[in-house]
Amino acid sequence: MEELDEKMSFFRGKEKFVDISFDIQLEYMYEYVKFLNIVGRPIIVQTAEEFWNILEQHEEKKDYKIQYIYLQLLRAFRELADWKKYDLCRAKILESTLKYEEKQFLYANNWRMKMYRFDDANLIELLNKWDLTQGDWYWLMIKSCMYAMAGETVKGEQILREILPKIRQQLVKNNKDEYLCSMEECIVSLLNFIRQGNWRANLDVESENCIQTEDVRWWEENEKYCAYLNEKDDTKPETALQTNYDLSVTYTSHMGRANTKIYYALDYLRFLEQTGHPFRIQMVTNTKGFQRVIETLYLYYPHWCLIQMLVAQNDKELDVLFGRNKLSEMTQGEVDECIQEYLKALELVSKNVKPENANWSTSVYDNAAKILPQIISRLCYKCSLGVLDQILDYMLILCSSNVRDNFKGINKILEGVCNAYTEKEQGERIEKILKFPMKTNERRTYYDPVNYLKRPKEKYKINDDLYNTLIIQIRQLMENGQEQEKADALQRLIILAQLICLKQNDEEYLYRQLEKKQTCEHQYILYHINKERYKLNDDVILKGTLQLIEQDSNKQCFSGHTGSYRELIDILPDFQLDAIDYKRFFSAMTKLIRTNIYWKENQHTAYQIKERNKQSYRIAIGLLLLKIKQKESISMEEKNVIEEYFKALQEYYLSSNVLAVIEKVLLENLEQKHEKSNQEKDIYASMEEKVWLYSEEDIMLLQIFYLEISRMKFAIEKTEKFKVFSKSVYKMVVYRVINIEISNIMPILRLLYALVVNNISTECEKNVLFINLPRLMEKTAIRVEDFEKEARNKINCRVEICVIAREYYKSGERNNNLLEWRKLTENMDEFVEIRNIEFE
């Protein structure tokens with residue numbers, strides 16, 4: 001087949017091809033598409049376009065061969081999702097000129113077109129109207145497959161059970177007939193496929209077996225396709241250097257790629273379609289070759305691949321079609337068109353799913369309900385504001401319906417939409433968002449979207465009727481609801497208190513409900529909502545965090561809770577020193593670090609240990625900066641436990657070169673009332689020498705340190721030696737930023753941001769950074785050939801650089817290269833994370 005395509009490609013390239021008579025062209029095209037149909041290979045796009053253009057020049061001719069070619073092109077345009085040509089091609093087909101077989105082909109293709117285009121048609125009703133002759137076993141089998149895909153497995157199974165005995169009667173007379181053997185094998189295989197999918201109704205039914213003895217096995221053929229598709233590709237490098245025996249060098253270049261896998265993947269899809277076997281029927285799948293089919297064909301047949309993903313209910317390949325790398329090459333207008341098409345599909349799906357099938361897939365609609373929301377949630381990050389509003393409007397309808405729980409990924413859509421709105425845009429739509437249901441469903445696939453809203457600087461205003469309705473609903477659920485309903489209602493009221501101004505009695509009601517809880521988390525919420533009234537709660541949060549740290553310091557048994565120390569970290573800038581027992585706290589954290597060293601190598605606890613360590617480090621920095629900020633010194637006992645803590649921290653971060661500097665800076669500012677040891681040497685000079693050797697661990701520790709300095713409003717310029725050291729760090733960071741690979745740049749960018757918000761810079765290196773801003777913009781631009789992991793890293797880096805540029809802009813810098821990053825935020829084709837960075 002590949003040779004045939006190559007020969008045809010060669011033939012088409014000759015000038016004489018356009019000069020030969022139409023009759024010869026027609027004969028060739030007819031034989032070609034007929035042969036492809038027999039062997040089961042789709043017509044590739046170049047051939048379809050070529051044949052279409054030739055036929056367009058002879059519209060007046062209506063003979064059978066032209067009609068047959070149009071029929072095959074119709075299927076090709078469906079597979080290519082070229083709906084404009086599909087409609088033109090369909091209009092040219094005259095059913096009266098077709099034979100019986102071609103008419104059934106046209107009907108089946110029309111049914112699939114309705115499914116591919118998300119047409120608002122009743123697929124089952126179309127099948128009910130499909131009139132087939134009793135002896136037409138092949139199209140009855142295809143009809144059975146379509147019934148099963150549409151959710152009518154009983155009808156599908158009934159058709160197969162009726163025609164199977166008739167085929168076997170013929171097989172008894174002629175058991176060598178290839179067609180009969182093949183039909184029996186396909187029907188038996190499909191019948192078992194359907195029965196397995198509908199296992200609840202077929203618990204006692206045994207698998208069907210074939211009576212034919214010929215070597216025709218559907219599953220064996222399927223395995224051959226899958227095995228070949230899953231073979232490791234033997235790819236040649238694009239360029240290669242070879243040193244010859246005489247030490248000369250040969251340079252070779254390999255252009256193009258082998259198309260064997262592409263043709264094989266196309267053949268496999270056609271094999272499944274022609275034998276009536278989809279990738280999935282109800283809960284049973286045949287997806288061994290699915291991944292490689294999608295990976296091979298997505299560039300050429302994206303919509304066909306999408307439909308297969310919906311049929312298979314497979315979301316593992318979403319990155320292939322809807323990754324950041326693919327979306328990067330689409331304009332906002334193209335993304336908007338996609339979303340509107342998928343919203344139409346989502347609406348169609350919602351009409352065809354049933355609430356009782358929320359946990360069960362019975363049809364292609366149920367499968368699509370699990371995939372489409374995840375696709376739309378990805379597109380939210382590049383669409384326009386108007387389309388975001390359309391998504392929000394439809395999600396309100398869907399989330400208020402009785403089929404909400406049939407859809408997987410609704411949370412991701414709501415989160416994506418809320419993230420895409422700016423704070424101002426959220427405020428303009430707050431009343432609509434507050435109309436969403438507040439109750440979390442049992443499967444936790446839906447959460448109240450107010451959880452995803454940004455907390456505004458100034459609270460929003462809503463109309464009195466909506467306010468009263470909300471408060472009544474919340475109070476009713478909190479007084480009379482189930483446990484989950486009470487928790488959801490309380491959560492809605494907590495967030496409402498941060499979004500809008502509650503009336504006095506409703507505010508008091510919220511306080512009473514939270515006071516009853518008596519947990520560290522709820523005390524933190526009270527403190528966060530009303531710092532003046534609940535300023536004593538900081539002591540409760542402190543004690544609760546200390547207890548958690550002591551609990552986590554147990555070497556005998558790993559404390560695997562889901563809590564953290566973040567409540568204390570968040571309130572440290574406003575904390576009162578009186579409540580803090582520094583000796584006890586640092587002793588507890590020292591014990592925690594030593595425990596973390598013990599558990600460090602355990603792969604099951606590695607992430608939690610890493611986070612606990614970082615949080616304890618943030619608390620230590622925050623507590624010491626708090627003391628400095630309030631101009632308090634430390635006692636000798638406190639100094640000893642602090643030094644012990646940093647010693648333990650150094651043992652944890654064995655290769656760290658910065659902890660000694662950080663400890664030095666903090667203790668220097670706390671030891672004003674103590675005599676300094678004559679043997680204590682100034683370590684700044686030696687640290688400045690080591691600054692160019694800092695590891696990624698050092699970069700992380702410095703970044704946290706400088707961010708805490710900024711958060712605690714510590715004045716670096718008051719410590720002259722540390723100020724000089726910080727400028728050395730800035731120099732190192734700038735030169736690393738402009739020289740390091742994008743794949744490794746993120747930690748250093750975070751440190752650069754931490755330095756910039758502390759106004760740390762040197763004029764020369766700042767100018768070097770500005771000169772390199774265009775190159776960084778180019779390097780962080782996503783290319784379609786990037787792997788998805790690379791693309792996500794690039795967008796993260798692009799966002800971080802843009803935020804750094806914004807900080808420089810806010811400080812008064814107006815460098816032209818800096819202004820280009822400001823313009824970037826106005827580019828509608830950028831992802832929303834960039835567009836929502838506000839320079840003004």
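## Aromatic pairs and a surface patch

This protein has 42 helices and 4 strands, and what you're looking at is a predicted model. Along the principal axes, the C-alpha atoms fill a box of roughly 110 × 85 × 55 Å. Of the 840 residues in the protein, 53% are buried. If you take the contacts with a separation of 6 or more, 73% of them come from residues 24 or more positions apart. On the outside, the protein exposes about 40900 Å², with carbon and sulfur atoms supplying 48% of that area.

Now for the rings. The structure holds 36 aromatic pairs. One of them joins tyrosine 28 and tyrosine 32: their ring centres are 6.2 Å apart and their planes meet at 15 degrees, so this pair is stacked. Both tyrosines belong to helix H3, which covers residues 22-39, and being 4 residues apart there puts about one helical turn between them. Tyrosine 28 is partly exposed, at 28% relative accessible area, while tyrosine 32 is buried, at 4%.

Tryptophan 218 and tryptophan 219 give another pair, with ring centres 4.7 Å apart and planes at 80 degrees; planes over 60 degrees apart count as edge-to-face, so that's what this pair is. Tryptophan 218 is buried, with 3% relative accessibility, whereas tryptophan 219 is partly exposed at 37%.

Here are the four ring residues side by side:

| Residue | Relative accessibility | Class |
|---|---|---|
| Tyrosine 28 | 28% | partly exposed |
| Tyrosine 32 | 4% | buried |
| Tryptophan 218 | 3% | buried |
| Tryptophan 219 | 37% | partly exposed |

The two tryptophans also belong to a cluster linked by ring pairs: Phe193, Trp218, Trp219, Tyr225, Tyr228, Tyr264, Tyr268, Phe271, Phe279 and Phe290. One member, tyrosine 228, has a charge over its ring as well: the charged end of lysine 261 sits there, 5.7 Å from the ring centre. Elsewhere in the sequence, lysine 600 lies over the face of tyrosine 652, at 4.3 Å from the ring centre.

Back to helix H3, where you'll also find valine 39. Valine 39 is partly exposed, with a relative accessible area of 40%. Together with Phe35 and Ile38, Val39 forms a nonpolar patch on the surface, and the three share about 280 Å² of accessible area. So if you're browsing helix H3 in the viewer, the stacked tyrosine pair lies within residues 22-39, and valine 39 of the patch is in that helix too.

Terms used:
Residues numbered from 1 in each chain as written. Predicted model: local features only at pLDDT ≥ 70, side-chain atom pairs only at ≥ 80, totals over all residues. Heavy atoms only, no water. Phe/Tyr/Trp six-rings, centres within 6.5 Å; stacked < 30°, edge-to-face > 60°. Helix = DSSP H or I, 4+ residues; strand = E, 2+ residues; numbered from the N terminus. Buried < 20%, exposed > 50% of the residue type's maximum accessible area, 1.4 Å probe, protein only. Lys NZ or Arg CZ within 6 Å of the ring centre and 35° of its normal. Patch = residues over 30% accessible without salt bridge, like charges linked within 9 Å, V, L, I, M, F, W, Y side chains within 5 Å. Areas by Shrake-Rupley, 256 points an atom, 1.4 Å probe, with all protein chains shown as cover. Salt bridge = Lys/Arg side-chain N within 4 Å of Asp/Glu carboxyl O. Contact = heavy atoms within 4.5 Å.
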